[in-house]
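Got a few minutes to ask why things in a structure get called what they get called? Take a look at this one first.

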Amino acid sequence: MRVVHYLNQFFAGVGGEERADTPPTSRPGAVGPGLALQRLLGEDGEIVGTVLCGDGLVGDRPDAVVPDIVVLIEALAPDVVIAGPAFNAGRYGLGCARVCAAVSARLGIPALAAMAPDNAAVELHRREIVIVPTTATAIGMPDALAAMARLARRLGRGEPLGPAAVEGYVPRGRRMNAWAPASASARALALLEARLRGEPFTTEVPLPRYDRVAPPPPVADPARMRLALVTECGLVPAGNPDRLEWVRASKWLRYGLGGVDDLARGDYEVAHGGYDAAFGVEDPDRLLPVDAVRELARRGEIGEVLDAYYVTCGNHGVLGQMATHAREIAADLRRQHVDSVLLVAT
Amino acid sequence: MAKELERSGFPTATVTSLAAVAVKVGANRIVCGDRFSHPCGRPGLPPAEERAWRVELVRTALRALATHVDGPTVFELRS
Amino acid sequence: MHLEVAAFPVHHARLGAPAAYDAGLLTIDPDRVRRLVLDDPRIADAQLELAHPGESVRVQRALDAIEPLHKPGATVSAFPGFLGPPRTVGHGLTHRLAGFTVVQVTEFPFPASGVQAFEEGVIEMSGPGAAYSGCADRVNLFLVLTPGRAASNVDYDDAVRRAALRVADHLAALTVGQAPEAVEVFDHSGADGGRRRIVWVHQVRAQGPMVQSFLYGHEISGMVPTVLDPNELLDGALVGANYKTGSKTPTYVHTRHPSLLALAARHGRELHLAGVIVARGHHENEFLKERSAHFVAKLATLLRADGALCTYEATGNTHIDFMLTVQALERAGIPAASVVHEYGGPLGDDPPLVDFVPEAIALASSGGIDRRLSLPAVERVIGGERLAHRGEPARDPLDLPIQELFAATATMNERGAIAVDF
């Protein structure tokens, strides 16, 4: 198994911060921590070359230097590429991650990087590449190298990796089903008993963190706004002509309102499996307040209302897909010169 | 969906029966609607009153759209 | 209360006469079963089909699945409120046809939409879907029914439920007078002896017709959370009537829930099972969700619970009811641990939970329900040649998300499914 090791200028022994502009360079065999890494790999792999680059270059001008680094790596014909360990060094971590991502994407060669789990590069790149977690400082060098050697063997042999906790890499953002020896209830009970005994326990489902979106500035004067109506309630024209699915909808739709003042019973139906549709069928304004919006427009409290509405079904919507739908609707709203939205959510 | 619309730059008033969830998820302009199966309706009211309630609901949404907010903010109908 | 459950395992079933249970072989007399079913004119016809684990069989339009129970010579009956008066059960002796279910397969006579529309949950007896499918690991009698003179879907649903329970009772009663293979004793009435008192919080679906549960013969959409002795569930006090896809809890899970079994196994030694709190989910607004959540916390406090094991049925906005309940328990000083099923999209890279509270720190995963499965073609189908909601040919290879398999979430809990980070 041919291995190429990527290092920064410091670990390659070229110099410190003053040499952060060291251009991409290739050296034969193992260098610096690569020597210990080679001992750990033993007969299973040979570090045929080491490629190094200054942190300043790869951190601040990656588009300029990463292609050159990839060329140097390719020339060595590796079966696997290992980068770091970068510990908590920010630019070095980014450099390792970018090099690994480029090698994977452009050369199709398995690559792994090593750095501390809170290195900024981890959140940016953990989905694209395999990252081995290390301590924050080089005090954890021996463990880091041992983990890198272990995973390099598996990747170099083309073996698919098992779960992150088992193999020892940073979770890459995918949760897959497996089978445990006990029912989920029994495992929950074990968690409960550990808590009650005051013992450490590990939740099987980490809680998500929702990002914040900066609120767009308010509308200066509603009497001059151009408002669009969007609903997740699955309200569609009778007959559901475009077959909006009533669970896990795969699309969004835009329907003209035909200038009506009020949504009439019988003209609409509900494509949503998560709530009792009877109320909305009886009066569709309960799901899309067209009558109220038209009245306020007549009174001059709303400038203009787009004479169309957007609909999807919010029942079990796959979040990534719903976000895509929203972005596409936003693009359409821009084309229609809309400046504000009233969204009815489920 | 509210957050993506906001991320795209549109001030968005989200009418929902589950304001607490909308706050947690991070929608910024949240308007308290009625029940899950009729967020913009109150079927228990006589039709004229329900319609008047709905006009007030949309007015609240307008107020939300015209108000500067720093983060998730809940707007309730003024009675 | 002291309950003995006598297990009579069914390894194989066949149609024939006379009806009998003999050392794992169940002989089902189709004429007797048909007479029991058609005693109710709301049902016009009944055909019987059998399926065993590993057979190349796919079933659709299945409603509930019931493991037969019978209380020989008792003044109360199993499935109280249906087969007998609504009097407290969970004591005495119960015979159980272990590893066997009676399943109703039928279309509803009238159109329905929204939450009341039937949503398919396929039973897959073999292949890659079997691990996730309810009924796949047991012997099943399918009652394939045709509606008769029913006034509404609700009326027909009532007929169909009672018919299946009559059949289940008849079959379980075939074991009377025989020696069981095993007897389990369930008795949680003693003092706790200083052991930690744990309650099981069982949130079930009760939104209305087609998505509901029955307690002692009456639906519970208007019910505030209540307390049961665990034994009552073992005797069929709670009957499932939720017909939504993979997120339903069939009656055979209510009568043998993995939470109850896990707790009962440790009762009297590591812990004291202090009671079961049954609550409905899917409340219509935050006021009702909060009201129910706090009721659960109050009941747990009254039971002097040291901890709560929490599970819930179904999905969608009922996650919110559940998380508010966990939050109320934690804030009342009762630590909770819960089973949650995860979303995550087909690739597992979407967020796993629809809703959460910061207090939900102890969660066990029962796996991702929207990963997809490729199912092979099958030799035999029961319940129709085309799938109910998309109309594909039922015998063909299918590509489905796991949650479109019958009782997938409950099955995944039972079998030990778990989602892990890759």
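What follows is a short back-and-forth on a predicted model.

Q: Why is C:His272 called buried?
A: Its relative accessible area is 5%, and the label buried applies under 20%. C:His272 is therefore buried, since 5% falls under that cut-off.

Q: What makes up the surroundings of C:His272?
A: Contact here means heavy atoms within 4.5 Å. Leaving aside neighbours within four places in sequence, C:His272 has contacts that include C:His188, C:Gly190, C:Ala191 and C:Asp192. The list also has C:Arg195, C:Arg196 and C:Arg197 in a row, along with C:Ile198 and C:His267. As for where it sits, C:His272 belongs to strand 19 of chain C, residues 271-280.

Q: How do you know whether chain C agrees with a compact globule or not?
A: For 422 residues, a compact globule would have a radius of gyration near 22 Å. Chain C comes out at 21 Å, so the two agree. Its C-alpha trace spans about 55 × 50 × 40 Å along the principal axes, and 64% of the residues of chain C count as buried. In secondary structure, chain C has 8 helices and 26 strands.

Q: What about chain B: why is it called as compact as a globular protein of its length?
A: Chain B reads α-β-α-β-α-β along the sequence. Its radius of gyration is 13 Å, and the globule rule gives 12 Å for 79 residues; those values are close, so chain B earns the description. The C-alpha atoms of chain B fill a box of roughly 40 × 25 × 20 Å, and 57% of its residues are buried.

Q: And what does the globule comparison give for chain A?
A: With 346 residues, a compact globule would come in near 20 Å, but chain A has 28 Å. Along its principal axes the C-alpha trace of chain A spans about 80 × 50 × 40 Å. Buried residues make up 54% of chain A, and its secondary structure comes to 11 helices and 13 strands.

Q: What makes both faces of strand 4 of chain A count as covered?
A: Side chains in a regular strand alternate between the two faces of the sheet. On one side of strand 4 (residues 80-83) sit A:Val80 and A:Ile82, on the other A:Val81 and A:Ala83, and all of them are buried. Buried means under 20% relative accessible area, so each face is covered by that standard.

Q: How do you know which strands pair with strand 4 of chain A?
A: Two strands pair if there are at least two bridges between them. Strand 1 (residues 2-8) of chain A has 4 bridges to strand 4, in the parallel sense, and A:Val4 stands opposite A:Val81 there. Strand 5 (residues 111-115) of chain A has 3 bridges to strand 4, also running parallel, with A:Ile82 opposite A:Leu112. Both counts reach at least two, so strand 1 and strand 5 each qualify as partners of strand 4.

Q: What share of the contacts in each chain joins residues at least 24 apart?
A: Counting contacts between residues at least 6 apart in sequence, the share is 73% in chain A. For chain B it is 40%, and for chain C 80%.

Technical notes: Residues numbered from 1 in each chain as written. Chains lettered and ligands numbered in written order. Predicted model: local features only at pLDDT ≥ 70, side-chain atom pairs only at ≥ 80, totals over all residues. Heavy atoms only, no water. Rg over C-alpha atoms; globule rule 2.2 N^0.38 Å. Buried < 20%, exposed > 50% of the residue type's maximum accessible area, 1.4 Å probe, protein only.
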